[in-house]
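Morning, everyone. I have one structure to walk through today. Please bring it up on your screens.

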Amino acid sequence: MVSLESILTRIQALDSAFAPPQIPSTAATSSATGGTSFASALQGAMGTTATAATAPVSAVPGTGVGTRMVAIASAEVGQAEQPPGSNNSPRIAQYRTATAGNPGPGPWCAYFTSWVARQAGAPLGDQGQGFGSVDGLYGWAQRTGRAYTAGSGRTPQPGDLIVFHEHIGLVESVDATGQIHTIEGNSGDQVARRVHSPGEAIGFVRMS
């Protein structure tokens with residue numbers, strides 16, 4: 001005789017055999033595998049792509065000639081004649097090497113400018129020979145279309161050369177009032193920072 005207990009056990013086994021399989025939930029699957037659902041992954045990927053496509057691209061700093069010239073000239077501020085009034089020093093002698101013929105001591109603002117330009121990879125002159133005189137440098141700039149006058153309406157930009165009567169320097173910046181901040185060789189017997197109003201210059205040389 002079959003016991004009641006055996007009958008109940010058999011019925012339970014049959015119920016289990018014909019029951020539909022259980023499908024695990026998405027959350028449970030993700031938790032078990034450590035991943036995310038395909039839909040979530042696809043949405044995330046689309047979101048990442050859109051962000052990357054619309055993100056602004058930053059300009060690489062320090063690549064322009066003018067930027068390099070300002071950085072090079074800034075590092076020379078304070079270099080002075082030794083002794084004062086001599087138009088010479090070991091460092092000033094190095095500035096002169098950027099001018100053809102490696103001239104001896106003399107007024108050195110154009111030598112300094114020529115040296116800065118050569119160090120920045122943009123030597124002055126048709127053959128990159130540099131200049132020992134302001135007139136020679138500005139004449140070359142006018143002939144080659146690099147010069148513009150102070151009254152042209154153009155705003156000087158960092159790295160432009162600023163030309164005065166028998167003196168030359170480098171534009172470091174232009175402030176909100178229009179004052180021009182410069183770095184100049186042979187200014188007070190040294191490389192120095194100065195500030196000028198636009199009307200003081202006779203012209204400029206665009207370097208980049």
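**Backbone oddities, one helix, one histidine**

First, a caveat: this is a predicted model.

Let's start with helix α7. It covers residues 134–143. Which of its residues are buried? There are V134, L137, Y138, W140 and A141. Now look down the axis. Those residues span an arc of only 155°, so they sit on the same side of α7. Turn to the other side of the helix. There you find D135, Q142 and R143, and they are exposed.

What do the buried residues of α7 pack against? One helix is on the list: α6, residues 109–119. The rest are strands. They are β1 (147–149), β2 (161–164), β3 (167–174) and β6 (203–205).

Now the two ends. At the start of α7, look at S133. A side-chain oxygen of S133 comes to within 3.0 Å of the backbone nitrogen of G136. After α7 comes G145. The phi of G145 is positive, near 80°.

Next, the loop between α4 (65–74) and α5 (90–96). P83 lies in this loop. The peptide bond joining Q82 and P83 is cis. Its omega is about -5°. If you set up torsion restraints from this model, that is the bond I mean: Q82 to P83. N87 is placed in the loop between α4 and α5 as well. What is the phi of N87? It is positive, about 60°, and N87 is not a glycine.

There is another positive phi to show you. D189 has one near 65°, and D189 is a residue other than glycine. Where is D189? Look in the loop between β4 (180–184) and β5 (192–196). Is D189 buried, exposed or partly exposed? Its relative accessible area is 30%, so D189 is partly exposed.

Move along to strand β5. H196 is in that strand. Why does H196 count as buried? Because its relative accessibility is 12%, and the cut-off for buried is under 20%. Which side chain does the H196 side chain meet in a polar contact? That of E200, at 2.9 Å. Leave out residues up to four places away in sequence, and H196 touches F164, Q179, I180, T182 and E184.

To recap. α7 has its buried residues on the same side. Q82 and P83 share a cis peptide bond. H196 is buried and has a side-chain polar contact with E200.

That's my walk-through. Over to you.

Note on methods: Residues are numbered from 1 along each chain as its sequence is written. This is a predicted model: local features need pLDDT of at least 70, side-chain atom pairs count only at pLDDT 80 or more; totals for chains, interfaces and linings use all residues. Side-chain values use heavy atoms; hydrogens and water are left out. Helices (H or I, at least four residues) and strands (E, at least two) are DSSP runs, numbered from the N terminus. Buried means under 20% relative accessible area, exposed over 50%, partly exposed in between (1.4 Å probe, protein chains only). The arc is that of the directions from the helix axis to the C-beta atoms. Contact means heavy atoms within 4.5 Å. A polar contact is a pair of N or O atoms within 3.5 Å; within protein, one must be able to donate a hydrogen and the other to accept it, and residues adjacent in sequence count only if both atoms are side-chain atoms.
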